[in-house]
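Here is a quick tour of how the helices pack and which charged side chains pair up. Have the structure open while you read.

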Amino acid sequence: MVITIDPASAVAPFEQIRAQLADQARAGALPAGTRLPTVRGLAGELGLAPNTVARAYRELEADGVIETRGRSGSFVAAVGDTAQRAASEAALEYAHRAHRLGLTRDEAITTVLAAFDAVYDG
């Protein structure tokens with residue numbers, strides 16, 4: 001596992017950690033079951049505050065990328081199925097909400113495509 005922090009980046013350090021760990025898990029560089037360093041250990045290695053690493057780990061756990069097993073530590077979860085399931089749930093929730101708001105199907109799709117453009121291209 002290799003994590004690098006660019007202090008000159010406009011991206012917050014916790015987000016740099018989150019994105020790099022998620023990418024490595026998704027690519028298989030961190031296979032499911034891989035034990036991650038402790039929050040304090042990784043914070044010390046990167047020269048960051050423990051709360052910064054803890055926030056990245058919390059977000060990764062919320063996204064289903066990692067799982068925390070109490071005192072045993074944090075481990076890479078089976079990313080593929082979890083990520084796909086979470087994305088499907090979010091899409092369904094969005095579709096229901098757009099419908100309740102009275103958007104047509106085309107308006108809802110246009111709105112979500114604009115959001116994707118902002119996130120993926122922006």
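Where is the place of R18? R18 sits in helix α1, and that makes a handy starting point. Keep in mind that this is a predicted model.

## R18 and its surroundings

R18 is buried, because its relative accessible area is 17% and the cut-off for buried is under 20%. Leaving out neighbours within four places in sequence, R18 is in contact with A56, E59, L60 and D63.

R18 also has a charged partner in its own helix. It forms a salt bridge with E15, and the closest N and O atoms are 2.6 Å apart. The two are three residues apart in helix α1, so about one helical turn separates R18 from E15. E15 itself is partly exposed, as its relative accessible area is 23%.

## How α1 meets α3

Next, the packing of the helices. Helix α1 covers residues 13-27 and helix α3 covers residues 50-62; they pack at an angle of about 45 degrees, with axes 8 Å apart. That angle is why α1 counts as oblique to α3. The crossing of α1 and α3 is right-handed.

Who makes the contact? On the α1 side, which residues are involved? They are P13, F14, E15, I17, R18, L21 and A22. From α3 come T52, V53, R55, A56, Y57, E59 and L60. Sorted by class, the residues of the contact of α1 with α3 are nine nonpolar, one polar and four charged. Both members of the R18 and E15 salt bridge are on the α1 list.

## How α2 meets α3

Helix α3 also packs against α2, at an angle of about 120 degrees and with the axes 8 Å apart. That angle makes α2 oblique to α3. As for handedness, α2 passes α3 in a right-handed crossing.

The α2 side of this contact is V39, R40, L42 and A43, and the α3 side is P50, V53, A54 and Y57. By class, the contact of α2 with α3 has seven nonpolar residues, no polar ones and one charged. V53 and Y57 of α3 are in this contact with α2, and V53 and Y57 are also listed for the contact of α3 with α1.

## More salt bridges

How many salt bridges does the structure hold? There are four, and the R18 and E15 pair is one of them. As background, side chains of opposite charge can pair when their charged atoms come close.

Another bridge in α1 joins the side chains of D23 and R26, at 3.0 Å from N to O. D23 and R26 are three residues apart in helix α1, so they are separated by about one helical turn. D23 is partly exposed, at 45% relative accessibility, whereas R26 is exposed, with a relative accessible area of 55%.

Over in α3, the side chains of E59 and R55 meet in a salt bridge at 3.3 Å, N to O. Here the spacing is four residues in helix α3, so E59 and R55 are again about one helical turn apart. E59 is partly exposed at 26% relative accessible area, and R55 is partly exposed at 38%. Both E59 and R55 take part in the contact of α3 with α1, and E59 is among the residues that R18 touches.

## Two contacts across the sequence

Which residues does Q20 touch, not counting residues up to four places away in sequence? Q20 touches V2, I3 and T4. Q20 lies in helix α1. Q20 and V2 are 18 residues apart in sequence, with their C-alpha atoms 8.3 Å apart in space.

A32 is found in the loop between α1 and α2, the latter being residues 39-46. A32 is exposed, with a relative accessible area of 55%. Setting aside residues up to four places away in sequence, A32 touches V76, A77 and A78. A32 and A78 are 46 residues apart in sequence, yet their C-alpha atoms are 5.1 Å apart in space.

Conventions
Residues numbered from 1 in each chain as written. Predicted model: local features only at pLDDT ≥ 70, side-chain atom pairs only at ≥ 80, totals over all residues. Heavy atoms only, no water. Axes fitted to C-alpha atoms, helices over the stretch in contact; angles between N-to-C directions. Parallel < 35°, antiparallel > 145°, perpendicular 65-115°, else oblique. Left-handed = near helix turned anticlockwise from the far one by under 90°. Contact = heavy atoms within 4.5 Å. Nonpolar A, V, L, I, M, F, W, Y, C, P; charged D, E, K, R; others polar. Buried < 20%, exposed > 50% of the residue type's maximum accessible area, 1.4 Å probe, protein only.
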